[in-house]
Amino acid sequence: MENSIEKIKQEALKKLDEASSDIESIKALSVQYVGRKGFVTQFLRNISKLPKEQRPLAGKEANQVKQFLENAFSQAIARIEMEKNSLSDSIDVSLPGRPVRLGTLHPITQITRQICDIFTNLGFEIAEGPEVETDYYNFEALNVPKDHPARDMQDTFYISENIVLRTQTSPIQIRVMEKYPPPVRIIAPGKVYRCDSDLTHTPMFNQVEGLLVDKDVSFGDLKGILTTFVHEIFDEETSLRFRPSFFPFTEPSAEVDILCVMCRGKGCRVCGHTGWLEILGAGMVHPAVFENVKYDIKQYTGFAFGMGIERIAMLKFGVDDIRKYFENDLRFLRQF
Ligand code: DAH
């Protein structure tokens with residue numbers, strides 16, 4: 001009797017071993033051995049037929065075997081299920097990695113950096129100023145009189161009567177000259193704001209301001225610096241022309257055109273069939289501006305210029321709608 005329960009146990013363990021990782025076979029074995037009509041259960045029922053003195057020990061042993069086998073079956077099932085789960089969650093280290101898409105600099109950032117690099121190589125230093133600016137720095141100190149159209153409510157975002165979102169980077173000139181004595185040689189990039197919106201204008205855009213003040217600075221120096229700049233940012237074949245113009249803070253003033261980068265002067269839609277494209281404003285710093293910053297106008301002269309960065313970027317990349325630069329459509333941005 002004792003032997004037979006031990007035999008049943010050994011037999012069950014052997015079959016469990018043979019069932020290996022097959023959960024269904026193990027469940028079947030569990031029914032076969034410890035189920036209601038299983039071998040161990042039957043053995044327990046038959047204990048009553050044993051001689052009285054053998055019953056307690058046989059019963060104890062059979063119950064131990066029953067519990068042992070129940071544990072063995074359920075543990076085997078649990079182990080197999082766990083292995084299965086961890087296998088489906090695990091990483092196949094032999095698979096090639098998923099490609100990581102690298103970001104790029106925004107085209108406007110790229111052009112801003114190129115412009116700054118060209119001028120820093122020519123000895124200019126980068127200067128910055130606040131985007132929320134006082135009326136004094138944005139207009140007054142730059143010799144823009146109170147009734148000048150640039151101050152119109154239509155053009156300027158007013159924070160209060162005397163505080164505006166700067167409409168140009170030119171106020172940085174004033175801030176620099178107030179702080180440092182001549183000689184000065186700065187390039188000032190930054191965002192500017194105007195109440196304006198169409199195919200070629202956005203309420204926010206970027207400008208770069210340039211200022212050079214020293215003894216004996218002439219219009220010839222301005223021409224030389226701007227010619228070098230245009231040849232570097234476009235190419236050596238891109239010629240320039242200076243047209244007389246007006247800015248309140250320069251005298252004389254000029255607007256600078258470059259030979260159309262699309263048609264090379266033949267005339268096309270981009271240049272309005274003139275062969276030329278306007279890219280910047282410039283001139284010799286007006287004595288009134290120097291007086292505002294207490295520079296000695298007998299000793300010093302200087303030139304200044306300002307340009308829209310988006311305009312340069314549009315011409316360089318052949319983009320005809322400025323708004324594309326601010327829509328953040330990745331299909332557009334990934335091309336740069
Ligand atoms: N601030 C001018 C504008 O926004 C551009 C400009 C023209 C800047 C001539 C200058 C300059 O420094 O000399 O239209």
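**View 1. Lining of the second largest pocket in the predicted model.** In this predicted model, 18 residues line the second largest pocket. Thr 109, Thr 112, Gly 190, Lys 191 and Asn 206 are the lining residues that lie nearest its centre. Two or more lining residues come from each of helix H5 (107-121), strand E5 (184-193), strand E6 and helix H11 (324-327). By residue class, the lining of the second largest pocket comprises seven nonpolar, seven polar and four charged residues. The volume of the second largest pocket is about 300 Å³.

**View 2. The largest pocket and the residues around its centre.** The largest pocket encloses about 1,300 Å³ of space. Its lining consists of 48 residues, and those closest to the centre are Arg 194, His 201, Phe 205, Gln 207 and Glu 278. Elements giving two or more residues to this lining are E6, strand E7 (240-247), strand E8 (250-259), E9, E10 and helix H10 (309-317). Strand E9 provides the largest share of the lining, with seven residues. The lining of the largest pocket divides into 23 nonpolar, 15 polar and 10 charged residues. The ligand occupies the space of this largest pocket.

**View 3. The shell of residues around the ligand.** The ligand is surrounded by 15 residues, and the closest of these are Gln 168, Ser 170, Arg 194, Gln 207 and Glu 209. Three strands, E6 (204-214), E9 (276-285) and E10 (301-308), each contribute at least two residues to the shell. Strands E6, E9 and E10 also give two or more residues each to the lining of the largest pocket. Five residues of the shell are nonpolar, eight are polar and two are charged. Arg 194 and Gln 207, listed among the residues closest to the ligand, are also among the lining residues closest to the centre of the largest pocket.

**View 4. Polar atoms of the protein beside the ligand.** In the side chain of Gln 168, an N or O atom is placed 2.8 Å from a nitrogen atom of the ligand. For Gln 207, the distance between a side-chain N or O atom and an oxygen atom of the ligand is 2.9 Å. Ala 304 instead presents a backbone N or O atom, 3.1 Å from a ligand oxygen atom. The ligand taken alone exposes 360 Å², of which the protein buries 89%.

**View 5. Two cis peptide bonds that precede proline.** The peptide bond joining Pro 182 to Pro 183 is cis, and its omega is near 5°. Pro 183 belongs to the loop between helix H7 (171-179) and strand E5. A cis peptide bond also joins Glu 251 to Pro 252, with omega near -5°. Pro 252 is located within strand E8, and strand E8 is one of the elements that give two or more residues to the lining of the largest pocket.

**View 6. Backbone conformation at Asp 216.** Asp 216 has a phi near 60°, which is a positive value in a residue other than glycine. The loop that holds Asp 216 runs between strand E6 and helix H8 (219-233). Strand E6, on one side of this loop, supplies at least two residues of the shell around the ligand.

Key: Residues are numbered from 1 along each chain as its sequence is written. This is a predicted model: local features need pLDDT of at least 70, side-chain atom pairs count only at pLDDT 80 or more; totals for chains, interfaces and linings use all residues. Side-chain values use heavy atoms; hydrogens and water are left out. A residue is near a molecule or strand if one of its heavy atoms lies within 4 Å of it. A polar contact is a pair of N or O atoms within 3.5 Å; within protein, one must be able to donate a hydrogen and the other to accept it, and residues adjacent in sequence count only if both atoms are side-chain atoms. Accessible areas come from the Shrake-Rupley method with a 1.4 Å probe; for residues, only the protein chains shown count as cover. On a 1 Å grid over the protein atoms alone, a cavity is a set of points where a 1.4 Å probe fits but cannot get out, and a pocket is an open set with protein on both sides within 12 Å along at least five of seven lines; lining residues have an atom within 4 Å of a point. A molecule sits in a cavity or pocket if more than half of its atoms lie within 2 Å of its grid points. Helices (H or I, at least four residues) and strands (E, at least two) are DSSP runs, numbered from the N terminus. Ala, Val, Leu, Ile, Met, Phe, Trp, Tyr, Cys and Pro count as nonpolar, Asp, Glu, Lys and Arg as charged, and the others, Gly among them, as polar. Grid points are joined across faces, edges and corners, and a volume is the space filled by probe spheres set on the points.
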